[in-house]
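Work through the exercises below with the structure in view. Each task is followed by a solution in steps.

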2 protein chains.
Amino acid sequence: MSQATNTLTPPVLSKDDLLEHWQGHRSLTRKVIAAFPENEFFNFSIGGMRTFSEITKELLGIAAPGIEEIVTGKTASFQRDFGTHTSKEDFLKLWDKDSEKISSLWTQIPEERFQERIKAFGQYEGTVISSIQYYMDNEIHHRAQGYVYLRALGIEPPHFYDR
Amino acid sequence: MSQATNTLTPPVLSKDDLLEHWQGHRSLTRKVIAAFPENEFFNFSIGGMRTFSEITKELLGIAAPGIEEIVTGKTASFQRDFGTHTSKEDFLKLWDKDSEKISSLWTQIPEERFQERIKAFGQYEGTVISSIQYYMDNEIHHRAQGYVYLRALGIEPPHFYDR
């Protein structure tokens with residue numbers, strides 16, 4: 001690509017827009033957690049799949065730890081301790097704390113690092129951007145399970161475009 | 001941003017990588033369609049939601065038409081005619097045709113257009129990139145409904161990372 005083209009062309013996706021997009025999704029996922037009745041959040045499932053609290057644990061175990069790993073270079077672990085968190089409110093507080101942490105860490109990822117090759121969680125080879133895309137896609141995917149659970153419970157989930 | 005920085009910094013996400021990412025997701029969605037038994041593809045649902053064939057119609061109504069709208073500037077319509085397509089095989093053929101069409105149209109979107117403001121399907125305001133992100137996210141979201149349907153039917157869905 002010539003210098004002239006590069007200077008004039010805005011990025012396909014900017015770093016700021018990507019964070020805003022993700023935080024929009026995190027805001028929607030928060031609404032899905034909040035929409036569950038307390039008991040069903042911990043106990044309801046379909047087809048032998050995990051409850052939405054277990055799914056939320058997975059999402060909490062990936063997002064902020066994954067970004068922290070990118071920033072610090074220290075290998076992240078999926079083994080996050082949720083020992084004392086036994087209410088939906090506890091999960092929502094963790095969710096908010098992690099959303100703030102992600103935004104704060106984001107400023108510490110220089111643009112030129114997004115194409116850098118990394119081994120996410122010590123084992124998944126890719127780039128910084130492909131890892132972040134995976135974390136976001138995985139959140140959308142599992143959150144949609146929550147949509148089906150809510151519908152099956154007769155509860156109207158938040159609109160998909162409600163970020 | 002200075003010219004020097006812009007010349008040296010690789011993009012957060014390149015146009016080619018975005019297409020590859022989407023086609024990876026389309027390949028996975030194809031596997032989910034293929035995993036349904038013929039009858040359940042058209043008739044099974046949970047919680048009053050749509051069948052996976054109806055969901056597939058929505059996805060087919062958005063992706064290729066949405067990209068065609070971006071390329072041609074002619075307002076796209078969700079009203080795609082699926083009149084004679086009554087087998088899963090028909091849907092898979094349409095899916096493959098559209099995947100090829102998307103890749104072909106993609107070459108006609110210059111990088112500088114991704115930040116351009118558009119009104120997708122004549123009504124959704126955003127940019128080219130935010131519209132494409134929405135189409136992809138919406139596919140991931142609805143495909144996940146298909147995952148729950150398959151699990152509820154006792155069928156093992158393809159791995160999420162199997163693109």
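**Exercise 1. Describe the secondary structure and extent of chain A.**

Solution. In this predicted model, chain A contains six helices and two strands. Next, place these elements in order: along the sequence the pattern of chain A is α-α-α-α-α-β-β-α. Finally, take the extent: the C-alpha trace of chain A spans about 60 × 35 × 25 Å along its principal axes.

**Exercise 2. State in which sense β1(A) and β2(A) pair, and describe the hairpin they form.**

Solution. Begin with the strands: β1 of chain A covers residues 117-120, and β2 of chain A covers residues 124-127. Their pairing is antiparallel and runs over four bridges. One of the bridge partners can be named: Ala120(A) is matched by Tyr124(A) in β2(A). Then look at the connection, where three residues lie between the strands of the hairpin. In this hairpin, Phe121(A) has a positive phi near 50 degrees.

**Exercise 3. Find the operation that lays chain A on chain B.**

Solution. A turn of 180 degrees with a shift of 0.0 Å along the axis places chain A on chain B, and the RMSD is 0.0 Å. This is therefore the relation of a two-fold axis. Now compare the contact residues: 100% of those of chain A recur in chain B, so the same surface serves both copies.

**Exercise 4. Determine how α6(A) and α6(B) are arranged, and which residues meet.**

Solution. In each of the chains A and B, helix α6 covers residues 128-152. The two axes come within 8 Å and cross at roughly 50 degrees. The helices α6(A) and α6(B) are therefore oblique to each other. The crossing of α6(A) past α6(B) is right-handed. From α6(A), the residues in contact include Asp137(A), Ile140(A), His141(A) and Ala144(A). On the other side, α6(B) contributes residues including Gln145(B), Tyr147(B) and Val148(B). Sorted by class, the residues of this contact of α6(A) with α6(B) are eight nonpolar, four polar and two charged.

**Exercise 5. Determine how α2(B) is oriented to α5(B), and classify the contact residues.**

Solution. Helix α2 of chain B covers residues 15-35 and helix α5 of chain B covers residues 88-106. Their axes come within 11 Å, with a crossing angle of roughly 180 degrees. An angle over 145 degrees counts as roughly antiparallel, and α2(B) is therefore roughly antiparallel to α5(B). Among the residues in contact are Trp22(B) and Arg26(B) of α2(B), together with Trp95(B) and Ser99(B) of α5(B). By class, the contact of α2(B) with α5(B) has nine nonpolar, four polar and six charged residues.

Conventions: Residues numbered from 1 in each chain as written. Chains lettered and ligands numbered in written order. Predicted model: local features only at pLDDT ≥ 70, side-chain atom pairs only at ≥ 80, totals over all residues. Heavy atoms only, no water. Pairing = 2+ DSSP bridges. Least-squares fit on C-alpha atoms with pLDDT ≥ 70 in both. Contact = heavy atoms within 4.5 Å. Axes fitted to C-alpha atoms, helices over the stretch in contact; angles between N-to-C directions. Parallel < 35°, antiparallel > 145°, perpendicular 65-115°, else oblique. Left-handed = near helix turned anticlockwise from the far one by under 90°. Nonpolar A, V, L, I, M, F, W, Y, C, P; charged D, E, K, R; others polar.
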